[in-house]
Amino acid sequence: MLRVVLFLALTSPQSVLAFCNDGWLPYHNVCVVFSGVERPWHQALAICTKYGGWIYHDNDEDDPDKHTWIVGHMKAHKVASVWIGGFKAGYKSFEWMPGFEYIRDPRWAPGQPKSGELRCISLQGQLGYKWKNENCTSKFHYICERRSNSYFANSSPIKIYDFTPYTG
Ligand SMILES: *[C@@H]1O[C@H](CO)[C@@H](O)[C@H](O)[C@H]1NC(C)=O
């Protein structure tokens, strides 16, 4: 089964760039999916992790167009705010999760981040698609991404409700 998939991918020009499961959109070396429902940040992370990924890292030092691409999808689907993968653990600074990666080029809105127990980062259309730290229990749409070189051998694991509205 996997061999057939790889064969088709290698022979079809459109899928040479990325191996993405149905419903995930290829973007350079990652596959991206936009949730159709809102979840608390930790649930969003758990779901992205379940599919071998992480919540979108809005860190485009290496790729200035990616943020623009993401924002374009948010606008097209009228999603004003999403969770991104930034989290503040204990007394540390905000980092990308999982893995506590350093945030190289923060995109905070003016006046952000606020102090206090607002440990999760959202990307806010109302703030010019910049960042605002929020209570992690708040519910927002979220974006998962995963490496495109790790196609699921398993046939249809992505058909969960969270992702169905954005399978175009
Ligand atoms: C976060 O939201 C929850 C649920 O509404 C609330 O119980 C909690 O006190 C809030 N935490 C902060 C730091 O505002």
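This report describes the fold, core, strand pairing, loops and ligand shell of a predicted model.

## Overall fold

The protein contains three helices and nine strands. Read from the N terminus, the order of these elements is α-β-β-α-β-α-β-β-β-β-β-β. Of its 168 residues, 32% count as buried.

Contacts across long stretches of sequence make up much of the picture. Among contacts in the protein with a separation of 6 or more, 66% join residues that are 24 or more positions apart.

## The nonpolar core

The largest nonpolar core is made of 33 residues. Ile55, Trp83 and Ile143 are the residues with the most contacts inside this core. Two or more residues each come from β2 (30–34), α2 (41–50), β3 (54–55), β4 (81–88), β7 (120–124) and β9 (141–147).

Trp83 can be followed in more detail. When neighbours within four places in sequence are left aside, Trp83 is in contact with Trp41, Ala44, Ile55, Cys120, Ser122, Phe140 and Tyr142. Two of these residues, Trp41 and Ala44, are buried residues of α2. Another contact of Trp83 is Ile55, which is itself listed with Trp83 among the residues with the most contacts inside the core.

## Helix α2

The buried residues in α2 are Trp41, Ala44, Leu45, Ile47 and Cys48. Viewed down the axis of α2, these residues fall within an arc of 165°, so they line one face of the helix. Their cover includes β3, β4, β7 and β9.

The opposite side of α2 has another character: the face turned away from the buried side carries Ala46 and Lys50, which are exposed. After α2 comes Gly52, with a positive phi near 75°.

## Strand β9 and its partners

β9 is mostly covered, with six of its seven residues buried. The strand also takes part in several pairings. β2 pairs with β9 in the antiparallel sense, over five bridges, and in this pairing Cys31 stands opposite Arg146 of β9.

β3 also pairs with β9 in the antiparallel sense, here over two bridges; Ile55 stands opposite Cys144 of β9. The pairing of β4 with β9 is parallel and has two bridges. Trp83 has Tyr142 as its bridge partner in β9, and Tyr142 is also among the contacts of Trp83.

## The loop between β5 and β6

The loop between β5 (94–96) and β6 (101–102) holds Phe100. Pro98 lies in the loop between β5 and β6 as well. The peptide bond joining Met97 to Pro98 is cis, with omega about -5°.

Phe100 has 11 other C-beta atoms within 10 Å and is therefore exposed, since a residue with 12 or fewer counts as exposed. Phe100 and Lys88 are 12 residues apart in sequence, and their C-alpha atoms are 9.0 Å apart in space.

## Other loop residues with notable backbone geometry

A cis peptide bond also runs from Gln112 to Pro113, with omega near -5°. Pro113 is placed in the loop between β6 and β7.

Positive phi values occur in two residues other than glycine: His28, near 50°, and Tyr129, near 60°. His28 sits in the loop between β1 (25–27) and β2, while Tyr129 is in the loop between β7 and β8 (130–134). His28 has 13 C-beta neighbours inside 10 Å and so counts as partly exposed. Tyr129 has 20 other C-beta atoms within 10 Å and is therefore buried, 20 or more being the requirement for a buried residue.

## The ligand shell

Gly116, Glu117, Asn135 and Thr137 surround the ligand. By class, this shell has three polar residues, one charged residue and no nonpolar residues.

Methods:
Residues numbered from 1 in each chain as written. Predicted model: local features only at pLDDT ≥ 70, side-chain atom pairs only at ≥ 80, totals over all residues. Helix = DSSP H or I, 4+ residues; strand = E, 2+ residues; numbered from the N terminus. Contact = placed C-beta atoms within 7 Å. Near = placed C-beta within 6 Å. Nonpolar A, V, L, I, M, F, W, Y, C, P; charged D, E, K, R; others polar. Core = buried A, V, L, I, M, F, W, Y, C linked by C-beta atoms within 7 Å. Arc of directions from axis to C-beta. Pairing = 2+ DSSP bridges.
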